[in-house]
Amino acid sequence: MTDAREVRTACPYCGVGCGVQARVAADGTATVRGDPGHPANAGKLCSKGSALGETLGLDGRVLHPEIAGRGTSWDAALDLVASRFSETIARHGADAVAFYVSGQLLTEDYYVANKLMKGFIGSANIDTNSRLCMASSVAGHKRAFGEDIVPGVYEDLEQADLVVLVGSNTAWCHPILYQRLLAARAERGTRIVVVDPRRTATAGECDLHLQLRPGTDVALFNGLLAHLVGSSAIDRDYVAAHTSGFEAAVSLACADAPTPRRVAETCDLDSAEVSRFYDWFAATARTVTVYSQGVNQSAHGTDKVNAILNCHLATGRIGRPGMGPFSVTGQPNAMGGREVGGLANQLAAHMGFDDPQAPDRVGRFWRTAGVARKPGLKAVDMFEAAGDGRIKALWVMGTNPAVSMPDAGKVRAALKACEFVVVSDVTRTDTSQFADVLLPAAAWGEKDGTVTNSERLITRQKSFLPMPGDVRPDWWIVTEVARRMGFAEAFDYANPAAIFREHAALSAFENDGARLFDIGGLADIEDSTYDALAPLHWPFPRGASAGSQRLLGDGRFPTVDGRGRFVAVRQEGAALPVDAAFPLVLNTGRLRDQWHTMTRTGRVPRLMANAPEPAVELNPVDAAALGIADGDLVRIESRYGGGRAKVAASAGQRRGEAFLPMHWSGRFAANAAAGALSAPVTDPFSGQPELKHVPVRIARE
Ligand code: SF4
């Protein structure tokens with residue numbers, strides 16, 4: 001091993017964004033360990049991260065471009081993609097084409113894809129699988145703060161006296177962050193409250209588990225706001241100096257959830273436990289509220305986010321050590337995608353279509369008059385448009401919507417119906433079978449760029465393996481198509497560093513401080529400095545010597561009047577209530593050892609060992625009433641699809657509810673796929689689908 005070299009990079013799985021060191025031996029084989037110098041994880045890795053070295057084989061890889069399933073040259077494939085997109089735009093307009101991209105893309109990949117679609121094709125029809133992950137947090141942040149800002153850093157969880165985990169199985173989904181929290185708790189006695197309909201691994205170790213009725217989070221936090229008012233825990237000076245909308249939000253909260261007893265009824269909780277939570281929150285200045293997919297993946301996700309933010313605005317607990325609201329993302333680069341504008345309702349660099357001057361500003365920077373002027377189609381609407389013929393050419397990059405999207409059966413039909421489908425990906429997936437053109441993309445370990453984790457920390461993701469076959473990085477593939485569509489000058493990049501410089505310069509362009517996302521201090525970064533870039537928090541404006549840790553702590557918000565905004569929200573009923581035909585509520589989520597649709601982790605035997613097949617969790621009383629024993633094979637059906645799974649009887653499951661892991665796909669034949677069962681019902685503000693409350697029926701096979 002004397003010839004071995006070591007490369008510092010970042011884990012490609014979750015939003016914690018741990019640093020890893022890849023050691024490449026002289027024979028080309030690589031081993032992976034945690035990076036002790038990375039601020040997110042200080043050398044630790046979870047089960048998925050520590051198995052990264054076992055996912056590096058070429059099994060299942062796409063190694064060469066293909067047209068209609070037959071190998072071809074890059075030139076032929078790229079020419080065809082460019083010509084079909086150009087012809088479609090010429091014949092049917094820019095809104096007849098779309099990109100569906102991924103939080104697996106690096107920021108540089110995301111940037112050029114967004115620039116091509118919004119700046120040069122002239123449509124905003126680019127959306128991302130992050131829509132399924134945290135779009136409600138984005139919408140909630142924009143409503144309250146004026147910009148998509150996560151104010152805190154991971155250290156806040158270690159400096160808090162109370163951490164409230166809402167809809168977040170942190171122990172399994174963000175394991176290293178959870179370990180940091182537990183280590184801090186051992187030292188300072190941090191109280192942990194878990195708000196979750198399931199008794200998860202996280203709930204098993206908390207001080208108080210509020211196992212609420214699914215979808216009633218708004219009532220719980222409206223009740224908290226009412227309690228804060230009643231217990232004189234409001235920071236009146238902060239509210240008066242730095243916020244607007246307080247009275248209206250309080251008025252609605254007090255009408256909606258006036259007492260802990262009423263909240264307990266709505267949420268199906270013990271009122272003494274509701275009161276205990278409220279008293280702890282009121283009395284504990286250093287409180288962090290973490291929220292994740294259990295909040296976001298809901299037809300009312302944005303309101304849930306704002307109900308939480310209202311309580312932090314009311315107490316002035318934002319952006320200060322050990323206190324603040326904290327959205328944790330599912331994917332390694334969900335934040336980077338948000339930064340470049342990779343959602344259909346964003347434009348670029350935290351500029352949105354709600355600012356009438358933003359398209360012209362971005363156009364001046366990109367030197368084009370063709371910038372999109374209105375939001376594009378969000379994920380669910382995009383696939384509907386592909387199915388009914390409005391979208392005629394679709395490019396799917398690095399994601400597997402044929403499994404992961406709600407109503408996945410309809411999404412497959414849409415992919416089949418769409419006139420021209422391009423898929424660029426690392427491996428063959430359920431989606432790639434629908435590709436007219438399949439493009440081989442570089443995998444983790446082969447590609448270079450940056451990612452941003454949940455605490456705004458930018459980390460370099462670096463290559464340490466050669467690209468096999470004809471594989472190319474996503475940014476190269478996008479820019480080659482752009483060049484062939486006639487935009488060569490605007491897409492002339494030598495490497496990812498050149499793209500990053502442009503991205504950084506755009507963040508600072510005509511930015512007088514109104515937008516907090518500003519990394520202008522990196523706009524002139526040299527290739528060698530970019531290559532060795534140490535993890536860095538944004539903002540990092542020109543002249544900065546260090547990234548900013550916390551934001552909004554001074555009470556100034558990036559809104560028009562500089563004030564944080566309370567949003568009056570009301571508890572709504574379930575978008576999809578149960579009925580006699582479908583009497584159980586299905587919740588979906590992750591397992592500890594799997595990632596997304598298992599295209600990577602499914603190849604590691606030790607990660608498969610704990611849960612080799614999908615199991616639907618049912619309360620034992622419900623199972624007995626249905627004549628089902630633990631381990632029985634059952635059929636699960638919703639109005640959208642069905643499948644098979646084994647039953648795991650679990651007392652941690654509320655009566656009348658079931659839980660199914662999200663990972664299994666068509667590759668596992670008739671197994672139940674969460675996406676196939678889920679409904680294409682979305683939040684009206686964020687467009688995020690409801691993946692936590694789907695009526696189903698379950699019967700023994
Ligand atoms: Fe990777 Fe997340 Fe595990 Fe860290 S916690 S090693 S980022 S999967």
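I started at glycine 389, just after helix H17, and found that glycine 389 takes a positive phi of about 95°. I note that this is a predicted model.

I then looked up helix H17 itself. Ala379, Val380, Met382, Phe383, Ala385 and Ala386 of H17 are buried. What do the buried residues of H17 pack against? I found strand S6 (97-101), strand S7 (126-128), strand S16 (393-397), H18 and H19. I wrote down a rule beside this: an α-helix has 3.6 residues a turn, so residues three or four places apart point the same way.

Next I checked the domains. The domain assignment lists domain 1 (5-55), domain 2 (66-124 + 333-448 + 466-489), domain 3 (135-330 + 561-565) and domain 4 (584-700). I looked at domain 2 and domain 4, whose C-alpha centres are 30 Å apart. How many residues of domain 2 are in contact with domain 4? I got 14 residues of domain 2, in contact with 18 residues of domain 4. H17 (379-388) appears here again: H17, helix H18 (401-404) and helix H19 (408-417) each give at least two residues to the side of domain 2 that touches domain 4. I sorted that side by class and got six nonpolar, five polar and three charged residues.

Last, I took the whole protein. I counted 25 helices and 28 strands. Buried residues are 62% of the 701 residues. The C-alpha trace spans about 70 × 65 × 60 Å along its principal axes. The radius of gyration is 24 Å, which agrees with a compact globule, because 701 residues would then give a value near 27 Å. Of the contacts between residues at least 6 apart in sequence, 74% join residues at least 24 apart.

Conventions. Residues are numbered from 1 along each chain as its sequence is written. This is a predicted model: local features need pLDDT of at least 70, side-chain atom pairs count only at pLDDT 80 or more; totals for chains, interfaces and linings use all residues. Domain bounds come from an automatic or database domain assignment. Two residues are in contact if their C-beta atoms, placed from the backbone, lie within 7 Å. Helices (H or I, at least four residues) and strands (E, at least two) are DSSP runs, numbered from the N terminus. Ala, Val, Leu, Ile, Met, Phe, Trp, Tyr, Cys and Pro count as nonpolar, Asp, Glu, Lys and Arg as charged, and the others, Gly among them, as polar. A residue is buried if 20 or more other C-beta atoms lie within 10 Å of its own, exposed if 12 or fewer, and partly exposed in between; C-beta atoms are placed from the backbone. The radius of gyration is taken over C-alpha atoms; the globule rule is 2.2 Å times the number of residues to the power 0.38.
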